[in-house]
Amino acid sequence: MWPLLGAAVLLALWHYSVIWTGTKVFPSPINVEKGVAELLRKHVLWADIGDSLRRVALGFGAATLFGVPVGLMLGWYPAVNQVVNPVLQVLRPISPIAWIPVAIIFFGVGEKPAVFLIFLAAFFPIVVACVGGVASVPAIFRRAGRNFGLSPMRVLARVVFPAALPQILVGLRIALGVAWLVVVAAEMIAVDSGLGYLVIDSRNSGKRYDLVVAAMLLIGVIGLALDMGIRRLEKLRSVRWGFRDGA
Amino acid sequence: MVFERDGKRIPVLEDINLEVTDGEFICVVGPSGCGKSTLLNLMGGFLSPTSGSVTIAGEVVKGPDPRRILVFQERGVFPWLTVEGNIGFGLSRLSRVEREERIAHYVKLVRLEGFEHSYPSDLSGGMKQRLQVARALAVDPDILFLDEPFGALDSVTRLIMRSELLRIWQAERRTILFVTHDIDEAVQLADRVVVLSSRPAKIQDILQIDIAHPRNISSSRYLELRDDLLNKIGVAFTL
């Protein structure tokens, strides 16, 4: 109930601000609502949403596929981590946006550089979460694993990985959030579809700020839905122990 | 056994000679920090002795082995596995049928029927420790090392757990080495109590507990042995 009230107050504030300031450029909530309806009528919206989600799925999926094993290995072999970590720490703070020119050199214009940027953005948080997750596995679990005759690789697979999984999931959740931020930015530059492209295209072709804001709100709503989706993983029985409300 | 910490050599155990017979229940007591756990870790193969060796059935211990399982004080069970998953953890080499039989047997032995599919977070402290013992016994070890297994439990649960452990030990005879700081626990459970001195620990005394199970803990012989043990540890038993 209360969240709805918050949204209602915000919408009212927005609506009356537009009326009071008499702006001709910035759309009111009603204009935006009409904008969404128009996008739906023209059947471009679903395609744009689909394109954005596909890019995130590819980039984030690849980051998970590479990042989790790399992170587990770095966490498992501290000696390797000592060599690799400085490089990671230098690369990590570079905004994926700064990679755009490089991505275009590597992959040209189109789908590939966008997916690459999402991959980069999601890769680092996943690796960092896995390294941290492995490092914080209680020694007692590893010892128990060895005691039952497991080889080091099996200790990693059957003890360290499940013990670190809650922390890894937190990393995946952060990575997915970042991936969604980056897909929009990437689509503003490298491709001609998707929600990011919709924002830029609506502004460039006739200053349709009603469509700009409509696309922005959709980006927010879908981002929320993605986050809620990945949070459902935290409710799985085999990881619930690792989250505060899970006991 | 000598530890090196910050460049300093800290002798922890010195001149420990102990022979344990098959099926014996040994309790190790001593002042806190004296090296009781170090001794278990040496025997379990988790540490290598600076000098000397540990020999089990004529074979020098070189590392951890499923034939001797260490049971920890708490948080030793795997929280991501169910009761069944925990008990079956060391049984991946068995066939499915055998594994399920083994799991069912130990679920019953430690009285966790009805909790087969529960996760450790849904179990009480005592149940978790019973689960840890079941997981250890399931791989059919020759020796169990228990490192203050009931130390984190409340006193009533601890009493219940002692009789449970005795029941399990009598049902499935294994050699047990049990570290505790609880004098009563030692006299109630052990065939022999090994008293360690403070660090660097030596074996100060070995006390034979010549009372048959079930032990009457208010019998005069029990009280005599208990007082004897308190004396040896050097604690006054009048407060």
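In this predicted model, chain B is divided into two domains, of which domain 1 is assembled from residues 1–67, 141–207 and 233–237, while domain 2 spans residues 76–139. The C-alpha centres of domain 1 of chain B and domain 2 of chain B are separated by 24 Å, and the contact between them draws on 14 residues from domain 1 of chain B and 13 residues from domain 2 of chain B. Together, these two domains of chain B bury about 1,200 Å² between them, with carbon and sulfur atoms contributing 66% of that area.

The polar side of this domain contact was examined next. One salt bridge is counted between domain 1 of chain B and domain 2 of chain B; a salt bridge joins the side chains of B:Glu164 and B:Arg111, with an N to O distance of 2.8 Å. In addition, six residue pairs, both members at pLDDT 80 or more, are in polar contact between domain 1 and domain 2 of chain B. On the side of domain 1 of chain B that touches domain 2 of chain B, the elements giving two or more residues are strand E7 (143–147) and helix H5 (155–171) of chain B, and H5(B) gives the most, with six residues. By residue class, this side of domain 1 of chain B comprises nine nonpolar residues, one polar residue and four charged residues.

A further interface is found between the two chains, where 19 residues of chain A are in contact with 26 residues of chain B. The area buried between chain A and chain B is about 2,100 Å², and 63% of it lies on carbon and sulfur atoms. Of the area that chain A buries against chain B, A:Arg143, A:Asn147 and A:Phe148 supply 36%, which is more than any other three residues.

Between chain A and chain B, the count is one salt bridge, and B:Asp122 forms a salt bridge with A:Arg237, in which the closest N and O atoms are 3.4 Å apart. Seven residue pairs, with both residues at pLDDT 80 or more, are in polar contact across the interface of chain A and chain B. The side of chain A that touches chain B receives two or more residues from each of helix H7 (139–147), helix H8 (152–189) and helix H11 (237–240) of chain A, and H7(A) gives the most to this side, with seven residues. The residues on the side of chain A that touches chain B divide into 10 nonpolar, four polar and five charged.

Methods: Residues numbered from 1 in each chain as written. Chains lettered and ligands numbered in written order. Predicted model: local features only at pLDDT ≥ 70, side-chain atom pairs only at ≥ 80, totals over all residues. Heavy atoms only, no water. Domains from an automatic or database assignment. Contact = heavy atoms within 4.5 Å. Buried area = accessible area lost by both parts, 1.4 Å probe. Salt bridge = Lys/Arg side-chain N within 4 Å of Asp/Glu carboxyl O. Polar contact = N/O pair within 3.5 Å; in protein donor to acceptor, adjacent residues only side chain to side chain. Helix = DSSP H or I, 4+ residues; strand = E, 2+ residues; numbered from the N terminus. Nonpolar A, V, L, I, M, F, W, Y, C, P; charged D, E, K, R; others polar.
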